[in-house]
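Take a look at the protein below. Turn it slowly as you read. We will go from one place to the next.

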Amino acid sequence: MRMISFFSSFAAAWRDYRLDSGTQLANRYTVRELIGEGSYGLTYKCTDETTGSIVAVKQARPSKGEYAKQLLVHEANVLKTLHHPRIPGYLDQLEEGRNSYLVMTFLRGATLEDLIFGQGRRYDEAESVRVTLQLLELVDDIHRQGFVHLDLRIPNVVFQEEELYLIDFGLSRGIGESPIALQSQGRWHQREHAASRAFIPAEPQSDLEDVGHFLLFLLYSSFDTKRQSSHPTHGNRQISESSWQDELHLSGELTTRVERLLQLRDPYAHASEAIADLKALRSLQR
Ligand SMILES: Nc1ncnc2c1ncn2[C@@H]1O[C@H](COP(=O)(O)OP(=O)(O)OP(=O)(O)O)[C@@H](O)[C@H]1O
């Protein structure tokens, strides 16, 4: 059994080899460096030789087969429809050999996950609310365009000069739309993050609940330095809901807002309602 798992991870690593700097894709995009990787994609910073501009090229992770390709095509379709200056713009799609690629506008900056866990950035209550409001404004706009993101997590939020951007629309769906592309998947996919998220209702409330977990992550970033007891697992969306109230010692006003986002009481119906409520809190904090 252990030999099988050794060989399957070896095979996955071999199939997911990184493209070297200088590699040309479709005689147009020159790879400069790998900028990030997730479970389903490897993203490269490339030069578009026809325009001279820097672009981001996301490759469907070869070891994840057809499923990663389906997610990439889905993401491309979403980005073709959705338009916002704070999300990547769709540029192109390529098939080369057995590989599929999505070309999009390049976002400079670091993900919130890198800022908190890599650079030790801390967010106090006021800053956590300010950043969450930036996210909610963007999410509200996405909802108004008829979509839900459904994967609002700190690795999917990028900061460029203190401005917030959102990436990874692979799990995004139209509001009310049924789950995508899981029909042909083997059992091993069922345990994975994307599969576990695929059946979440495509409703604005699902995103608002994720925003609640996002806000807790920001708040826990300063809790970490103050006390050395329990803290959320790296990248894990499920922070213990029974304990954060005891651990974080938030003001009553902020606790109520987090609970409403997490749908533990009187849930917000729309992002705009949460925005108005957090803005009211911010004026109390001043
Ligand atoms: N448009 C972009 N500009 C700059 N960097 C990007 C862009 N898109 C993605 N990245 C980088 O690539 C990384 C992986 O991208 P992404 O999250 O879309 O991949 P994924 O495989 O779908 O991830 P996940 O496992 O979270 O589903 C990101 O964390 C980010 O660092």
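The largest pocket is lined by 38 residues. Five of them lie nearest its centre: Gly 38, Thr 43, Pro 155, Asn 156 and Ile 167. Find these five in the predicted model, and you have found the middle of the pocket. The volume of this pocket is about 940 Å³.

Which elements build the lining? Strands E2 (29–37), E3 (41–48), E4, E6 (99–105) and E7 (110–111) each supply at least two residues. So do helices H2 (65–81), H3 (112–118) and H6 (193–197). Which element gives the most to the lining? Helix H2 does, with 4 residues.

Now step back to the whole protein. The chain has 286 residues. Its secondary structure comes to 10 helices and 11 strands. How much of the protein is buried? By count of residues, 50%. The accessible surface comes to about 14,000 Å². Carbon and sulfur atoms hold 51% of that surface. Contacts tell us about the fold too. Take the contacts between residues with a separation of 6 or more. In 61% of these, the two residues are 24 or more positions apart.

Next, go to Lys 58. The UniProt record, an unreviewed entry, has a "binding site" annotation that covers this residue. Lys 58 sits in strand E4, which spans residues 54–60. Is Lys 58 buried or exposed? It counts as buried, because its relative accessibility is 12%, and the cut-off for buried is under 20%. Look at what surrounds Lys 58. Leaving out residues up to four places away in sequence, it touches Gly 41, Leu 42, Thr 43, Leu 72, Glu 75, Ser 100, Tyr 101, Leu 102, Met 104 and Asp 168. One of these, Thr 43, is also among the residues nearest the centre of the largest pocket. Another, Glu 75, meets Lys 58 side chain to side chain. This is a polar contact at 2.8 Å.

Strand E6 is the next stop. Asn 99 has its place there. With 17% relative accessibility, Asn 99 counts as buried. Which residues does Asn 99 contact, beyond its neighbours within four places in sequence? They are Gln 59, Pro 62 and Leu 94. With Gln 59 there is a polar contact between side chains, at 3.2 Å.

Now follow the chain to the loop between strand E8 (147–148) and strand E9 (157–160). Leu 150 is found there. Its relative accessible area is 0%, so Leu 150 is buried. Check its backbone as well. Leu 150 is not a glycine, yet its phi is positive, about 70°. Asp 266 also has a positive phi without being a glycine, with a value near 30°. Look for Asp 266 in the loop between helix H9 (252–261) and helix H10 (271–285).

Helix H7 runs over residues 204–226. Two of its residues are worth a stop. Phe 217 is found in H7. At 6% relative accessibility, Phe 217 counts as buried. Compare its distance from Arg 153 along the chain and in space. The two are 64 residues apart in sequence, but 9.2 Å apart from C-alpha to C-alpha.

Ser 222 lies in H7 as well. Its relative accessible area is 13%, so Ser 222 is buried. What does the side chain of Ser 222 reach? It reaches the backbone oxygen of Tyr 123, at 2.5 Å. Ser 222 touches Arg 122, Tyr 123 and Asp 124, not counting residues up to four places away in sequence.

The last stop is His 249. This residue lies in the loop between helix H8 (244–248) and H9. Is His 249 buried or exposed? At 54% relative accessibility, His 249 counts as exposed, because the cut-off for exposed is over 50%. The side chain of His 249 reaches the backbone oxygen of Asp 246 at 3.2 Å. Finally, pair His 249 with Gly 120. These residues are 129 residues apart along the chain, and their C-alpha atoms are separated by 21 Å.

Terms used
Residues numbered from 1 in each chain as written. Predicted model: local features only at pLDDT ≥ 70, side-chain atom pairs only at ≥ 80, totals over all residues. Heavy atoms only, no water. Buried < 20%, exposed > 50% of the residue type's maximum accessible area, 1.4 Å probe, protein only. Contact = heavy atoms within 4.5 Å. Areas by Shrake-Rupley, 256 points an atom, 1.4 Å probe, with all protein chains shown as cover. UniProt positions renumbered as here; feature names shortened; annotations may be inferred. Polar contact = N/O pair within 3.5 Å; in protein donor to acceptor, adjacent residues only side chain to side chain. 1 Å grid on protein atoms, 1.4 Å probe; cavity = no way out; pocket = protein on both sides within 12 Å on 5 of 7 lines; lining within 4 Å. Points joined across faces, edges and corners; volume = space filled by probe spheres on them.
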